[in-house]
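User: I am new to this structure and would like a close look at a single part of it. Please begin with one cysteine and work outward from there.

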Amino acid sequence: MKPLRIAPSILSCDFGRMAEEVAAVDQAGADLIHVDVMDGRFVPNLTIGPVVVEAVRRATTKPLDVHLMMVEPEKYLQVFTRAGATGLTVQAEAVPHLHRCIHAIKDLGVRAGVALNPHTPPEVLDYLWEDIDLVLCMTVNPGFGGQRFIPQVVPKIAKIRDRLHAIGRLDDVDVEVDGGITAETAPQAITAGANLLVAGSAVFGQANYATAIQQLRMAKDQGTQAKTPSLF
């Protein structure tokens with residue numbers, strides 16, 4: 001079983017103090033820093049680009065988990081890697097040649113992930129399970145922070161966990177969740193099989209970042225008290 005890790009999302013930080021905010025969650029115990037790149041096309045919001053990723057890279061030594069919520073991400077893989085990304089995650093719905101894109105990411109020497117929108121079934125990964133390093137289950141519709149967790153996605157997380165177990169890759173591939181993750185919703189995701197939690201307002205919206213991150217870690221104890229039934 002992979003250890004639980006917490007990735008605060010800078011989408012919810014104070015952008016006017018971004019370097020300070022990133023350094024603060026780093027010191028508070030974050031395992032990774034999650035960076036949401038939105039292009040205004042795949043999602044309605046428009047956020048940050050490589051220059052901001054470079055600034056985040058200077059503020060922390062923690063891995064940068066960069067989620068490309070954009071069309072044609074293959075055009076920008078090199079520039080985000082050069083900016084300091086440790087891992088790049090692309091949306092399955094936005095990439096027509098997903099196998100090619102995943103291997104292009106891996107050829108750059110960074111971790112390759114695929115994100116699935118709430119309605120997207122995990123079967124789209126049936127020919128990629130041996131190639132990916134991470135699966136990101138969106139537990140909200142992507143594009144904006146502060147949305148409510150969609151509980152209907154929980155069985156999909158369990159299905160992904162069971163599929164990885166069946167092919168012997170459960171210890172190799174991260175199962176990440178993003179959207180509405182709080183100390184109250186995290187146990188559901190953890191019970192289903194998630195080991196990497198992206199949290200925005202649940203960290204940056206709190207007075208004490210260290211306490212907020214610790215509360216998310218404690219959700220693992222609640223999650224292990226229940227078992228999500230196998231779907232395979």
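Is Cys-101 buried or exposed?

Analyst: Cys-101 is buried, with a relative accessible area of 3%. Here, buried means under 20% relative accessible area, exposed means over 50%, and partly exposed lies in between (1.4 Å probe, protein chains only). This is a predicted model, where local features need pLDDT of at least 70, side-chain atom pairs count only at pLDDT 80 or more, and totals for chains, interfaces and linings use all residues. Residues are numbered from 1 along each chain as its sequence is written, and side-chain values use heavy atoms, leaving out hydrogens and water.

What about a bond for Cys-101? The closest cysteine sulfur belongs to Cys-137 and lies 18 Å from the sulfur of Cys-101, so the two are too far apart for a bond. The structure as a whole holds 0 disulfides (pairs of cysteine sulfur atoms within 2.5 Å). Cys-13 is buried too, at 9% relative accessible area.

Next, the nonpolar cores. A core is a set of buried Ala, Val, Leu, Ile, Met, Phe, Trp, Tyr and Cys residues joined through side-chain atoms within 4.5 Å. The largest one has 67 residues. Ile-10, Val-66, Leu-68, Leu-88, Ile-157 and Leu-197 touch the most other members. Helix H5, residues 154–166, gives the most to this core, with 5 residues. (Helices are DSSP runs of H or I with at least four residues, strands are E runs with at least two, and both are numbered from the N terminus.) Apart from this core lies another, of 9 residues. Ala-115, Leu-136, Val-140 and Leu-196 are among its members.

Look closer at Leu-197. Its contacts (heavy atoms within 4.5 Å) include Leu-4, Arg-5, Ile-6 and Ala-7. Leu-197 also touches Val-177, Ile-181, Ala-186, Ile-190 and Leu-216. Residues up to four places away in sequence are not counted.

Now the charged pairs. Side chains of opposite charge can pair when their charged atoms come close. The structure holds 12 salt bridges, each a side-chain nitrogen of Lys or Arg within 4 Å of a carboxyl oxygen of Asp or Glu. One of them joins Lys-2 and Asp-174, at 3.6 Å from N to O. The two are 172 residues apart, with Lys-2 in the segment before strand E1 (5–8) and Asp-174 in strand E7 (residues 174–178). Both ends are buried: Lys-2 at 19% relative accessibility, Asp-174 at 1%.

Asp-174 has a second partner. Its salt bridge with Arg-111 brings the closest N and O atoms to 2.7 Å. Arg-111 lies in strand E5 (residues 111–116) and Asp-174 in strand E7, so this pair ties together parts 63 residues apart in sequence. Arg-111 is partly exposed, at 33% relative accessibility.

Helix H5 returns here. Lys-159 sits in that helix and forms a salt bridge with Glu-123, the closest N and O atoms being 2.5 Å apart. Glu-123 is in the loop between E5 and strand E6 (134–138), 36 residues from Lys-159. Both are partly exposed, Glu-123 at 34% relative accessibility and Lys-159 at 26%. Elsewhere, salt bridges that share partners join Lys-2, Arg-5, Arg-111 and Asp-174 into one network.

One backbone detail remains. Most residues other than glycine have a negative phi. Glu-72 is not a glycine, yet its phi is positive, about 50 degrees. Glu-72 sits in the loop between strand E3 (64–69) and helix H3 (77–83). At 33% relative accessibility, Glu-72 is partly exposed.
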